[in-house]
Amino acid sequence: MTSSVTQARRLERLVRGQDTSDGAGVKLKRVLTHDLQQRLDPFLMLDAFGSDTPGDYIAGFPDHPHRGFETVTYMIAGRMRHRDSGGHEGLLENGGVQWMTAGRGLVHSEMPEQEEGVMEGFQLWLNLPSQRKLCDPWYRDIPSSEIPEAHLPGHIRVRVIAGRCADVAGAITREQTEPLYLDVHFDGGDDTGLFSHALPGHHNALVYPYRGTLAVCGATDTQSVPQGHMGVLRNEGDGLSLRGTSGARAIVIAGQPLREPIAQYGPFVMNTREELMQAVEDFRAGKFV
Ligand code: MN
């Protein structure tokens, strides 16, 4: 049973990611940039990385801190090892997800464990509500085999990383921000169907096709989102309807906005400037885990 959508959202705008580098020089495309943090609240950042040139990723992300939000890394292809100051360690592989709640703070590294081949994936930053910003750090590796999947009519396969799709509960749920994180595969060739998903109108939503082209089938118009672009969906209606070209794959991300002040200084995201200064001070004093 797919959810019924009677008034599907239209496309608001297309965003082309900005080429940049982070960590020790990993090349990536920053899709959700600082200027879109209010618009796409509770999401703070989305990076897409993908390269078969080792020089683009081999240096990785050596030790660095985080406080006040969650990082969600979805690896499409490749291997990355995570280590953090809380004593957690894990290997993130093809199709797997790592969900990390930085909370009051930790220091971690994210380093490639391959010297050649393709490395491709996404890192999303999800904000924490003010009363949870200093919670205990938390971490979970979800191997590909443990990510629930929904098989829908029209040869659509949905990997449910967070939230719920049809009758399938995702690997992760969160109160307040109610994140939805889906990887939708349109596997049907010419026979591919329409993917519809119910969503409250006030939840902010984005789509990002990483294979093929996606059509946002709104109530009154249809607009396409080319591969490697983010489509921001309007806050309206009762859901979204998407159609992909043959073999298309897209991530679909939505969540309930927190509507709280956002104060960011690099890897620290708090509500006020004073809290940011405290974060820097605590980090320098070695008070993170
Ligand atoms: Mn990090």
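Strands β13 and β14 form a hairpin with three residues between them. Strands here are DSSP runs of E of at least two residues, numbered from the N terminus. In the turn, G154 has a positive phi of about 85 degrees. The structure is a predicted model, in which local features need pLDDT of at least 70 and side-chain atom pairs count only at pLDDT 80 or more, while totals for chains, interfaces and linings use all residues. Residues are numbered from 1 along each chain as its sequence is written, and side-chain values use heavy atoms, with hydrogens and water left out.

The two arms of the hairpin, β13 and β14 (residues 156-162), pair in the antiparallel sense over four bridges. Two strands pair if DSSP finds at least two bridges between them. A150 has V158 in β14 as its bridge partner. Side chains alternate along β13 (residues 149-152). A150 and L152 point to one face and are buried. E149 and H151 point to the other face and are not buried. Buried means under 20% relative accessible area, exposed over 50%, and partly exposed in between, with a 1.4 Å probe and protein chains only.

The hairpin belongs to an open sheet of seven strands. Their order is β1-β22-β19-β24-β17-β14-β13, with antiparallel pairing. β1 (11-16) and β13 are the edge strands, and each pairs on one side only. From one strand to the next, the twist averages 20 degrees. Such angles run from 0 to 180 degrees between N-to-C directions, with axes as lines fitted to C-alpha atoms, for helices over the stretch in contact. Within this sheet, β17 and β24 (residues 249-255) pair over six bridges in the antiparallel sense. L180 stands opposite A254 in β24.

The loop between β16 (168-169) and β17 (180-186) holds G170. G170 has a relative accessible area of 15%, so this residue counts as buried. Leaving aside neighbours within four places in sequence, G170 is in contact (heavy atoms within 4.5 Å) with P148, V160, I161, G163 and R164.

Another open sheet has four strands, in the order β18-β23-β20-β21, also with antiparallel pairing. Its edge strands, β18 (194-198) and β21 (222-225), each pair on one side only. The twist averages 25 degrees from one strand to the next. β20 (residues 214-217) and β23 (residues 239-244) pair over three bridges. A215 stands opposite R243 in β23.

A manganese ion is coordinated by H64 (NE2), H66 (NE2), H108 (NE2) and E110 (OE), at 2.1 to 2.6 Å. Donors are N, O and S atoms within 2.8 Å of the metal (3.2 Å for Na, K and Ca); water is not among the atoms, so sites may look incomplete. Along the chain, the donors follow the spacing H-x1-H-x41-H-x1-E. Both H64 and H66 are buried.

The largest nonpolar core has 30 residues. Such a core is a set of buried Ala, Val, Leu, Ile, Met, Phe, Trp, Tyr and Cys residues joined through side-chain atoms within 4.5 Å. L46, F122, Y181, M230 and I251 touch the most other members. Apart from this core lies another, of 26 residues, including C165, F195, V216 and L233.

Zero disulfides, defined as pairs of cysteine sulfur atoms within 2.5 Å, are found in the whole structure. C217 is in no disulfide, and the nearest cysteine sulfur, that of C165, is 16 Å away. C217 is buried, with a relative accessible area of 15%. C135 counts as buried because its relative accessibility is 12%.
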